[in-house]
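Colleague: I've got this model open and a few labels puzzle me. Can you walk me through how you arrived at them?

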Amino acid sequence: MKILVINAGSSSLKYQLIDMETEGVIAKGTCERIGIAGGKLTHKAQGKEFVIEKDIPNHTEAISLVLKELVDGEAGVISSMDEIDAVGHRVVASGEAFTKTTLVTDEVMKTMDEIAELAPLHNPAAILGINACRAVMPDKKMALVFDTSFHATMPDYAYLYAIDYDDYKQYKVRRYGAHGTSHKYVAGAAAEYLHKKPEELKIVTCHLGNGSSISAVDGGKCIDTSMGFTPLAGVPMGTRSGDIDVAAIDFLCKKKGMTMDEGLVYLNKKCGMLGVSGVSSDFRDLKAAKEAGNDRARLALDMFTYACKKYVGSYMAAMGGLDCIVFTAGVGENTPTIRSAIAGGLEFFGVKLDESRNNYRNDGTIHEISAEDSRVKVLVIPTNEELVIARETASLL
Ligand code: ADP
């Protein structure tokens with residue numbers, strides 16, 4: 001069985017064709033600058049990279065281009081579109097409308113339109129991608145795989161905000177979380193690595209990238225997560241503030257003459273590591289700046305690791321124990337100093353890092369970085385969101 005995984009953004013579209021027998025990637029690539037001059041398709045297959053530069057006016061053209069490359073390209077990997085058994089689409093937010101992977105129908109797409117406002121930066125783009133696929137492959141089965149689904153198991157006392165309950169009921173304002181496919185993948189991979197059933201484990205999964213979120217996974221189920229109604233909440237991130245007293249926003253908006261909308265753009269794009277350091281949102285730049293003596297870069301990194309450590313500790317308490325901490329995503333997979341600052345100094349809780357194990361160069365495989373005698377295992381697991389989307393899509397068929 002072959003599954004095409006699509007992750008559509010407003011001006012980009014990433015894809016992977018996955019062979020479910022081997023779970024290997026047959027081909028993958030990205031369309032960039034859709035609807036903008038200077039469109040580009042980068043396609044990787046059979047160990048080679050192909051770049052096609054041509055304008056891509058819309059998502060339908062992008063999908064057509066991708067399919068043409070998969071079938072007829074210099075490194076065509078399938079003989080016809082019929083070899084694709086189904087398409088799995090990544091969708092950021094589901095609200096309470098969908099709690100699991102869902103087959104695309106007209107009715108489902110109507111609901112998708114209704115909930116688009118929950119993730120205005122992401123869901124409308126996913127809808128463009130789904131509609132484009134439906135136009136080009138009208139008979140193909142398609143699944144929507146939501147980033148929020150893995151968090152649908154949170155208990156009410158964890159996902160609710162202490163606002164008027166009637167407002168929650170009417171407007172569905174609550175914690176939904178994000179990065180669910182990544183948390184799900186690494187929690188499952190950790191159980192497999194430790195030769196345990198997911199039901200036997202209490203795991204804190206740290207997805208640390210440009211956007212970061214931390215989840216508590218008890219017995220294979222998510223019971224809490226750091227992101228909230230939107231991906232603005234939780235730990236400070238590349239450009240996002242993370243948790244902040246809402247009254248401080250009102251105060252800042254008044255002082256800086258910003259509307260609430262402008263205030264939200266400020267919190268999403270100008271804060272976090274970038275805002276604090278004044279250097280960059282990129283953790284590589286921050287590390288370099290700190291090493292060169294920039295104290296605000298040091299401060300930003302300290303704020304990040306301190307916030308992460310607090311989440312790890314609070315989730316230990318929430319689960320009444322801990323068997324494993326997992327680090328994943330761009331920062332989690334590549335930055336020993338960040339891992340050390342978060343998981344170090346927790347010996348009291350049974351977490352003992354082995355710094356020599358921690359200091360390795362990422363090779364895309366699982367690494368155990370806790371000491372041999374650490375009661376809590378600390379693992380670095382490269383995430384694979386596309387594989388989760390493909391697995392979910394295949395199991396729905
Ligand atoms: P997202 O998917 O949220 O855009 P990623 O998971 O790709 O983000 O993470 C991006 C972050 O990971 C960047 O801040 C970058 O500095 C960091 N990162 C990526 N690769 C490396 C690396 N080799 N060394 C250190 N940091 C890295």
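Modeller: Sure, and keep in mind that this is a predicted model. Let's begin at glycine 257, which sits just after α7 and takes a positive phi of about 65 degrees.

Colleague: And at the start of helix α7, what makes the link between aspartate 245 and alanine 247 a polar contact?

Modeller: A side-chain oxygen of aspartate 245 comes to within 2.9 Å of the backbone nitrogen of alanine 247, at the start of α7 (residues 246–256). The cut-off is 3.5 Å for a pair of N or O atoms, so this pair counts.

Colleague: Which residues are around the ligand?

Modeller: Among them are Gly209, Asp282, Phe283, Arg284 and Thr335. To be listed, a residue needs a heavy atom within 4 Å of the ligand.

Colleague: How do you know that asparagine 334 makes a polar contact with the ligand?

Modeller: A polar side-chain atom of asparagine 334 is 3.3 Å from a nitrogen atom of the ligand. The limit is 3.5 Å, so the pair qualifies. By the backbone, a polar atom of asparagine 210 is 3.1 Å from a ligand oxygen, and one of glycine 211 is 3.2 Å from a ligand oxygen. As for cover, the ligand taken alone exposes 570 Å², and the protein buries 62% of that.

Colleague: Why are β12 and β14 called paired?

Modeller: Pairing takes at least two bridges, and β12 (residues 324–328) and β14 (residues 377–380) have 4, in the parallel sense, so they are paired. One example is isoleucine 325, whose bridge partner in β14 is valine 378.

Colleague: What about β13 and β14?

Modeller: β13 (residues 367–368) and β14 have 2 bridges, in the antiparallel sense. The rule asks for at least two, so that pair passes as well. Here glutamate 368 stands opposite leucine 379 in β14.

Colleague: Over in the sheet of 8 strands, what makes β5 and β7 edge strands?

Modeller: β5 (48–53) and β7 (102–103) each pair on one side only. The sheet is open, in the order β5-β4-β3-β2-β1-β6-β8-β7, with mixed pairing. Inside that order, β2 (residues 13–19) and β3 (residues 24–32) pair in the antiparallel sense over 7 bridges, and aspartate 19 has glycine 24 of β3 as its bridge partner. Helix α2 (residues 106–115) packs on the sheet, touching β6, β7 and β8.

Colleague: Last one: where do the two domains run?

Modeller: Domain 1 covers 2–146 and domain 2 covers 195–380, according to the domain assignment. Their C-alpha centres lie 30 Å apart.

Note on methods:
Residues numbered from 1 in each chain as written. Predicted model: local features only at pLDDT ≥ 70, side-chain atom pairs only at ≥ 80, totals over all residues. Heavy atoms only, no water. Contact = heavy atoms within 4.5 Å. Axes fitted to C-alpha atoms, helices over the stretch in contact; angles between N-to-C directions. Domains from an automatic or database assignment. Polar contact = N/O pair within 3.5 Å; in protein donor to acceptor, adjacent residues only side chain to side chain. Areas by Shrake-Rupley, 256 points an atom, 1.4 Å probe, with all protein chains shown as cover.
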